[in-house]
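Good morning, everyone, and thank you for making time for this. I would like to walk through one model slowly, for those who have not seen it before, so please have the sequence and the structure open as I speak.

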Amino acid sequence: MRIKVIMTDKATSRQTMDEREIMLQQAVSSDVAISVDCIKVGPDELDNNTDEAFCVEEMVRESIKAQAEGYDAIVIYCFSDAAIDAIRENVEIPVIGPRRASLALADTMCDRFMVITTSTECVRDTYRRLKAHAIAREKLTSVRPLNIDIGNVRKDPQATIDSIVAVCKKAVEEEYIDGVIFGCLSFASYGPEVEKQAPVKVLDPAFIACAYAEMCVRLGMNHSRLAWPKFTNISNLTL
């Protein structure tokens with residue numbers, strides 16, 4: 001089985017993508033190969049709705065290419081689930097968004113959960129996206145920022161983990177949460193260290209999305225054409 005992970009940040013280096021491949025391999029079975037690539041045209045990084053609008057076209061093209069190359073599933077490597085609906089209209093293989101997959105798991109694993117993001121500027125947009133999902137309207141207590149520049153999240157992992165732990169402990173005291181979802185995939189792999197220091201269950205969307213993609217392929221599960229009709233290109237787009 002081969003899973004293509006597509007990053008929404010054009011400026012991502014090959015070294016970083018290779019490191020993500022090694023990291024994400026931990027989430028899947030030994031007979032599953034993870035391949036990570038980024039968009040070639042669009043924003044250097046995805047920080048807002050304008051960035052997302054300009055990355056969607058390339059995300060669709062990269063997904064069509066992945067299917068043509070024989071990949072069995074696609075994972076969108078961004079908590080925004082960027083372009084997921086458009087991609088599903090254009091491919092026949094499972095397309096997994098980390099936000100939706102994480103919320104599905106949170107519904108079974110948590111009674112009250114928080115989402116943690118990078119900065120205060122991201123809180124409102126993240127909250128608005130989450131509230132589109134019934135599970136978030138029922139169980140989400142808050143979206144809390146670390147106020148760490150996204151470029152520094154992985155430069156000093158321990159400092160990031162310490163900040164996550166502090167925010168989690170505060171949310172446990174103030175909101176009685178039992179779970180936390182990482183609202184930025186730059187936090188990927190920090191969950192085990194956070195759980196050692198804070199009494200919460202950490203849901204890591206990067207790992208969950210890859211494992212979810214494997215499950216869908218093994219079970220033959222895919223998006224419904226009733227929900228996402230096949231794109232017929234009557235508008236004469238160049239794909």
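When I say helix, I mean a DSSP run of H or I that is at least four residues long, and the helices are numbered from the N terminus. Please also keep in mind that what you see is a predicted model.

With that in hand, let me begin with Met23, which has its place in helix H1. Is Met23 buried or exposed? Its relative accessibility is 8%, and because buried means under 20%, Met23 counts as buried. If we set aside the neighbours within four places in sequence, Met23 is in contact with Tyr77, Arg154, Ala188, Ser189 and Phe207. Ile64, on the other hand, is 41 residues from Met23 along the chain, and the C-alpha atoms of the two are separated by 25 Å.

Helix H1, which covers residues 14-24, brings us to the largest pocket, since H1 and helix H5, at 120-130, each supply at least two residues of its lining. The volume of this largest pocket is about 900 Å³, and of the 38 residues that line it, those closest to its centre are Asp9, Leu46, Ile150, Cys184 and Ser186. Which helix gives the most to this lining? That is H5, with 5 residues. Sorted by class, the lining of the largest pocket holds 12 nonpolar, 14 polar and 12 charged residues.

Let me stay with Asp9 for a moment, as one of the residues closest to the centre of the largest pocket. Asp9 lies in the loop that runs between strand E1, residues 2-7, and H1. Not counting residues up to four places away in sequence, Asp9 touches Cys38, Ile39, Pro43, Asp44, Glu45 and Leu46, and Leu46 is itself among the residues closest to the centre of that pocket. Asp37 sits 28 residues from Asp9 along the chain, and their C-alpha atoms are separated by 9.6 Å.

Cys38 also appears in the surroundings of Glu62, a residue of helix H2, which spans residues 49-68. Leaving out neighbours within four places in sequence, Glu62 is in contact with Ile6, Cys38 and Lys40. Glu62 counts as buried, because its relative accessibility is 12%.

Now to the second largest pocket, where about 180 Å³ of space is found. Its lining is made up of Leu105, Met109, Glu195, Lys201, Val202, Leu203, Asp204, Phe207 and Ile208. Helix H4 at 98-109, strand E8 at 201-203 and helix H9 at 205-219 each supply at least two residues of this lining, with E8 giving the most, namely 3 residues. By class, there are 6 nonpolar and 3 charged residues in the lining of the second largest pocket, and no polar ones.

Two of these helices deserve a closer look. H4 has 12 residues and reaches 16 Å from its first C-alpha to its last, which is close to the 16 Å expected at 1.5 Å a residue; its buried residues are Pro98, Arg99, Ala101, Ser102, Leu103 and Ala106. For H9, the 15 residues should span 21 Å at 1.5 Å a residue, and the C-alpha atoms at its ends are 20 Å apart, so the two values agree. Among the buried residues of H9 are Pro205, Ala206, Phe207 and Ile208, and Phe207 is the residue we met earlier as a contact of Met23.

How many aromatic pairs does a search of the whole structure find? The search finds 1, and this pair is formed by Phe182 and Phe187, in an edge-to-face arrangement with 5.6 Å centre to centre and 75 degrees between the planes. Both partners count as buried, because Phe182 has a relative accessible area of 1% and Phe187 one of 0%.

Finally, a word on the backbone. Most residues other than glycine have a negative phi. Asn147, in the loop between strand E6, residues 140-145, and helix H7, residues 157-175, has a positive phi near 60 degrees. Asn236, placed in the segment after H9, likewise has a positive phi, near 60 degrees, and Asn236 is exposed, because its relative accessible area is 67%. The residue that follows H9, Gly220, has a positive phi near 70 degrees, and it is a glycine.

Notes. Residues are numbered from 1 along each chain as its sequence is written. This is a predicted model: local features need pLDDT of at least 70, side-chain atom pairs count only at pLDDT 80 or more; totals for chains, interfaces and linings use all residues. Side-chain values use heavy atoms; hydrogens and water are left out. On a 1 Å grid over the protein atoms alone, a cavity is a set of points where a 1.4 Å probe fits but cannot get out, and a pocket is an open set with protein on both sides within 12 Å along at least five of seven lines; lining residues have an atom within 4 Å of a point. Grid points are joined across faces, edges and corners, and a volume is the space filled by probe spheres set on the points. Ala, Val, Leu, Ile, Met, Phe, Trp, Tyr, Cys and Pro count as nonpolar, Asp, Glu, Lys and Arg as charged, and the others, Gly among them, as polar. The expected span of a helix is 1.5 Å times one less than its number of residues. Buried means under 20% relative accessible area, exposed over 50%, partly exposed in between (1.4 Å probe, protein chains only). Contact means heavy atoms within 4.5 Å. Rings of Phe, Tyr and Trp (its six-membered ring) pair if their centres lie within 6.5 Å; planes under 30 degrees apart count as stacked, over 60 as edge-to-face and the rest as tilted.
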